[in-house]
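Me: Please take a close look at one part of this structure, the hairpins and the strands that form them. I would like one connected account in plain terms.

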Amino acid sequence: MILKRFDTYIIKKFLGTYFLSIILIISIAVVFDISEKLDNFYENEAPLRAIIFDYYVNFIPYYANLFSPLFTFIAVIFFTSKMADNSEIIATFASGISFHRMMVPYLISASIIASMTYILGGYVIPPANKIRLDFQEEYVRKKKKDFVAKLQIKVSQNEILYVDYFDHTENTGHRVSLDQFNGKTLVSRITGHRLIYDTTNVWKITRYTHREFDGLYENISQGDTMVKEINIIPADLLVFPNMHEQMNNRKLSAYIERQKERGVGNIKNFEIEYEKRFSFPFAAFILTIIGVSLSSKKVKGGMGINLGIGLLLSIVYILFGEISSTFTINGSLPPMVAVWLPNIVFSLIAVYIYKKAPK
């Protein structure tokens, strides 16, 4: 389809207002964040270059993408209400353009925003998050968790590893046990003083005792060091806050599958993050349809009412997503259902409002 002057006018208005709202709101957010963290920067002697390039250069795209649905809704409500207030919508309909045809440039703009949201959220922001969060841990919070205690993990179909304490900074575990089963029968147990990471899937167990069970008989061997191939890497043993935000889509998917195979239960945040990266872009289409349907009619009192309704609905959408995600973490809802539920509910609202709008 060849874009007409009307289409390019709407697209320029939409995207221009969208990026302008991002610049204005994120600028305010940066000012507030600086005022909040200034004492931390000074006390921990954070370099100015690191503050700008490691933190704020990565802070801006993260929060711009996080609140992209809000910016989309504000942009649509603002400039469409202004067009309606200036009687441009009435002139558009008078020229023979239907409401459904008027939606085309809006949906093209929404597809551009959705594509940007997907690419940023899945591939650009995760590595940037690592730099930003590392800066926060070094110069702001200084609470990064680098150990795990009382760990139990399935490392293969028949093997379970127990680690009393694992230090991620040294890639070393203390007081370990590796049990091998044949069905439900324990056939081998290796206990050791320390578990030391060597190379990929290769570990050293020091001061070990190896027990092999054969019915009523037991064969015991001991030694200083045993080199053992165990199908894990140190990253599999430590889950720290915001870890899921630092993986791109490919790494996040592989991590989830690997942890599921090992029977690890604390991966709900990872599954929610993965589903959000696919559901979030659809918000651009849903909120665009709702925004146009609400604000295309000229109302008494100007655009203030439309802006108020738009802000309320966008906030409800964001809160709905957070609440449903909480139910997933508590074990009540599957991650896919919880993440997609706001889109499903607001899609029904969008269809209802869209059908009523031309009337």
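Reply: Strands S3 and S4 form a hairpin in this predicted model, with 2 residues between them. One residue of that turn, glycine 183, has a positive phi of about 70°. S3 covers residues 172–182 and S4 covers residues 185–199. The two strands run antiparallel and are joined by 10 bridges. One pairing can be picked out by name: glycine 173 has leucine 195, in S4, as its bridge partner.

S4 also takes part in a hairpin with strand S5, which spans residues 202–214. Here too the pairing is antiparallel, and it extends over 9 bridges. Isoleucine 190 has its bridge partner in S5, namely histidine 210. The hairpin of S4 and S5 has 2 residues between the strands, and asparagine 201 takes a positive phi near 65°. S4 is thus paired with S3 and with S5. When following these strands in the picture, keep one general point in mind: in a regular strand, side chains alternate between the two faces of the sheet.

For a contrast with the strands, look at two helices, H3 (residues 68–85) and H8 (residues 282–295). Their axes come within 9 Å and cross at roughly 25°. Angles under 35 degrees count as roughly parallel, so H3 is roughly parallel to H8. The crossing is right-handed. Residues of H3 that meet H8 include Phe73, Val76 and Ile77, and those on the H8 side include Leu287, Ile290 and Val292. The residues of this contact comprise 10 nonpolar, 6 polar and no charged.

Notes
Residues numbered from 1 in each chain as written. Predicted model: local features only at pLDDT ≥ 70, side-chain atom pairs only at ≥ 80, totals over all residues. Heavy atoms only, no water. Axes fitted to C-alpha atoms, helices over the stretch in contact; angles between N-to-C directions. Helix = DSSP H or I, 4+ residues; strand = E, 2+ residues; numbered from the N terminus. Parallel < 35°, antiparallel > 145°, perpendicular 65-115°, else oblique. Left-handed = near helix turned anticlockwise from the far one by under 90°. Contact = heavy atoms within 4.5 Å. Nonpolar A, V, L, I, M, F, W, Y, C, P; charged D, E, K, R; others polar. Pairing = 2+ DSSP bridges.
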